Amino acid sequence: MPNPFRHYEGVPVLDLPADPPGLETPALEVLRDVSGRTPAGEGATFLSQLLFYSAAISASKRVASTGYRYALRVNPSSGNLHPTEFHFRTRGVREWPDGLYHYRPSTHMAEQRALGDVEMKLGGSSAPLVFVLTTITWREAWKYGDRAYRYCLHDIGHAWQALALAARALGCDSFAVGHFPDDEVAQRCRLADDEAPMLLVELRGEPIPARESTAGEIVWYGGQANQLSVEKTAYPWIDAIHATTKLSDCARGISVAEPTPTGCGEIKLPPPASSTRAFGEVARLRRSALDFLGGTQSMSLTQLSAILALASRPLSADFAGTPFVQLYLYAHRVEGLNPGVYRHWPESAELEQIKNGDQRVAAAGLSLGQKLAGNACVAFSMIAALERAVRAHGDCGYRYVHFEAGAIGHRLYLAAEALGLGATGIGAFYDEEVHRYLNVAPQQQVVYHFAIGYPVPDVRVRG
Ligand SMILES: Cc1cc2nc3c(=O)[nH]c(=O)nc-3n(C[C@H](O)[C@H](O)[C@H](O)COP(=O)(O)O)c2cc1C
């Protein structure tokens, strides 16, 4: 297993203050796009808060056979392998030097890779904070082979929403950019050879403590990226699909996609359930359930209504003008909803029934035989309009539908946690069987599975 922590060695390392102030706005409000507030502090405290609630270590788990403890983070990751790295460029942040940084989650510190006004030459270059989310595919590929590329894309979607929602809870706006020249950004950030930029996230807003930015000479420290493993296996298909989905010429800007088809169903969702649990607590306590209690306890239709409404809200990104992903539900135990498969129509807040009867065996079987998809109260298939995405964005559309699925997944995690339920992202499923079972059109592609219910307690986790 490659080292799950990347360090850029030999550079100055800046402390991010421990125990930053909490984020008290209710999580469901943050998911509804209501801005939180934070007392204006200095730059280090602001950055500490932002990263503590979006990317930091938040718990640990003990391996029963060896006693070894390993870290879990605020953002989930397939196999807990964490291929995503957070780099950020700051400009004019009070009591924080302008520069390019890499976040070091193992010690909650910032590695200063360059000092000065590092130009990204991108649309958002005026933003005081620009995050560059990168991926290291080898971290996933050693375990999952070629399929790892998809998991890396999902993970970026999760990390994006973890960051965007923490920023919203702090009172800031965010905008994600997927349409950028890959190689140019990699060069500007002097990334290690095994790291690739995937998504840029610009943050703006009054709560970012501001000062005049200092235009001066850029001093590069760069740093030596640590080697993640002694040996490395090549995955030529991953390299090929990554190369195919890269952009070199962004002069024309991103295209507008055809509108998302609308539809309706026979079941009107009720007003959503509410919760006052604070965003900070929900973000830090979120965990993936290893399995769910499969007994008789149901979730309510109002909880499901809240979860669906919050997962389907518009996303703030250049590629997200029209959604590509639609949720199909395998309802096992939802009060007032007959067991069956349903399609969600978010504009009308309706469910359309497409299959009737117990779906527990089908949901688990389609999810690579993982019983958590059958023991949950509800499981999901996220079906993407891949052909429509590719018509608008070329091969890059392949990345965007997975980013969107990961983002929806992250919103599902937080909404479920806030409502007293648990959730698990499921990247392992049988694609063709899902297509046949749900009778999806050939222009569509299943991109992610998910499950929500009452988690089986996991005694190995320590917060
Ligand atoms: C894209 C993605 C795919 C995942 N696929 C599965 C899966 O197929 N089965 C499973 O049990 N957990 C799956 N998980 C959950 C991870 O195993 C979990 O996030 C990881 O162990 C870290 O634990 P945490 O979420 O509690 O931080 C997935 C998570 C993500 C983000």
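Okay, let's start with a little gathering of rings: Phe 86, Phe 88, Trp 96, Tyr 101 and Phe 131 form one aromatic cluster. Before I go on, keep in mind that this is a predicted model.

So how many aromatic pairs does the structure hold? There are 12. Let me pick out one of them, Tyr 413 with Phe 450. Their ring centres are 5.1 Å apart, and the planes sit at 80° to each other, which makes the pair edge-to-face. What I like here is that the two partners come from distant parts of the chain. Tyr 413 is in helix H12, residues 396-418, while Phe 450 is in strand E19, residues 445-453, and the two are 37 residues apart.

Now, is Tyr 413 buried or exposed? Buried, and Phe 450 is too.

Stay with Phe 450 for a second, since Tyr 448 pairs with Phe 450 as well. Why do we call that pair edge-to-face? Well, the centres are 5.9 Å apart and the planes are at 85°, and anything over 60 degrees gets that label.

What about burial for those two? The cut-off is under 20% relative accessible area. Tyr 448 comes in at 6%, so Tyr 448 counts as buried. Phe 450 is at 1%, so Phe 450 counts as buried too.

Last topic: charges over rings. Which ring does the charged end of Arg 113 sit over? That would be the ring of Tyr 8, with the charged end 3.9 Å from the ring centre. And then there's Arg 147, whose charged end sits over the ring of Phe 429, 4.6 Å from its centre.

That's it from me, thanks!

Methods:
Residues numbered from 1 in each chain as written. Predicted model: local features only at pLDDT ≥ 70, side-chain atom pairs only at ≥ 80, totals over all residues. Heavy atoms only, no water. Phe/Tyr/Trp six-rings, centres within 6.5 Å; stacked < 30°, edge-to-face > 60°. Helix = DSSP H or I, 4+ residues; strand = E, 2+ residues; numbered from the N terminus. Buried < 20%, exposed > 50% of the residue type's maximum accessible area, 1.4 Å probe, protein only. Lys NZ or Arg CZ within 6 Å of the ring centre and 35° of its normal.
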